[in-house]
Amino acid sequence: MPWFARIRKCPVHVSVAACAVLVALAPACRRTPSVPNEVVQTADALTTAALDEAVALAGAGGDVVLVDVERTPEMADPFSARAMSGIRGGLAARGLSLRAEERLPINPDIERTGEALRKGDFIELVRRHASAKLIVLFVPPPVLTSAEVGALPTPRPKIMLVTNWQAPRLTKLPKGFIQVAIVPRAEGASAVDFASQFEVIK
């Protein structure tokens with residue numbers, strides 16, 4: 001299948017630039033020698049940036065919860081899989097511990113609402129891990145109102161978003177709800193490298 005056909009099959013919530021990275025990276029995950037090394041380096045750079053921010057947020061010895069959706073075969077995402085594996089495997093070396101890894105059901109109304117997670121599932125997740133130091137989301141959270149955020153446990157975990165999904169609704173969340181977001185740039189660049197494709201928002 002030609003690369004442009006595979007890009008058309010990418011989920012609508014993933015940027016075109018990110019789709020191109022996913023397509024290019026798929027052979028890299030099989031360690032095909034012909035894949036440009038900079039594609040693999042993009043995923044590894046994302047992992048490094050996420051771990052750096054996780055240490056800053058969780059502190060020494062902090063426990064971390066990793067959260068993704070239950071991905072169907074159609075949502076297979078080699079780029080995210082590599083980054084998630086790198087983050088999971090890199091926590092201990094950074095002095096952090098993995099408290100839990102959860103996969104939540106994808107919102108059946110995602111096409112209508114643009115939200116990958118249902119509010120109830122996300123709110124229950126935060127309550128379930130209220131004593132954790134950090135929650136790392138691999139998909140954007142639902143948009144909560146100020147009242148809904150105010151009803152969450154206090155204190156509660158800090159939240160970091162690390163994703164290659166477009167996340168235009170982040171600005172609608174109450175200020176400070178997410179401490180760090182590593183997301184695709186609004187306008188993807190042609191270069192396949194971390195700095196061109198992603199931005200770190202604090």
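Entry 1, L137. I looked up L137 in this predicted model and found the residue in strand β3. I then checked its exposure: L137 has a relative accessible area of 0%, and because buried means under 20%, I noted L137 as buried.

Entry 2, surroundings of L137. I asked which residues L137 touches once its neighbours within four places in sequence are left aside. The contacts I listed are V67, F122, I159, M160, L161 and V162. I also looked at the pair L137 and T163, which are 26 residues apart along the chain, and noted that 7.6 Å separates their C-alpha atoms.

Entry 3, the sheet. I traced the strands and wrote down an open sheet of 6 strands, in the order β2-β1-β3-β4-β5-β6, with mixed pairing. At the edges I found β2 (97-104) and β6 (198-201), each of which has a single partner strand, so one side of each is left without a neighbour in the sheet. For the twist, I recorded that neighbouring strands of this sheet are turned against each other by 20 degrees on average, direction ignored.

Entry 4, the pairing of β1 with β2. I followed strand β1, residues 63-69, and noted that β1 and β2 run parallel and are joined by 7 bridges. As one position to look at, I picked V64, whose bridge partner in β2 is L98.

Entry 5, the helix across the strands. Which strands does helix α6 lie across? I found that α6, residues 119-128, lies across β1, β2, β3 (134-137) and β4 (158-162), and that the helix runs at about 160 degrees to β2.

Terms used: Residues are numbered from 1 along each chain as its sequence is written. This is a predicted model: local features need pLDDT of at least 70, side-chain atom pairs count only at pLDDT 80 or more; totals for chains, interfaces and linings use all residues. Side-chain values use heavy atoms; hydrogens and water are left out. Two strands pair if DSSP finds at least two bridges between them. Helices (H or I, at least four residues) and strands (E, at least two) are DSSP runs, numbered from the N terminus. Axes are lines fitted to C-alpha atoms, for helices over the stretch in contact, and angles run from 0 to 180 degrees between N-to-C directions. Contact means heavy atoms within 4.5 Å. Buried means under 20% relative accessible area, exposed over 50%, partly exposed in between (1.4 Å probe, protein chains only).
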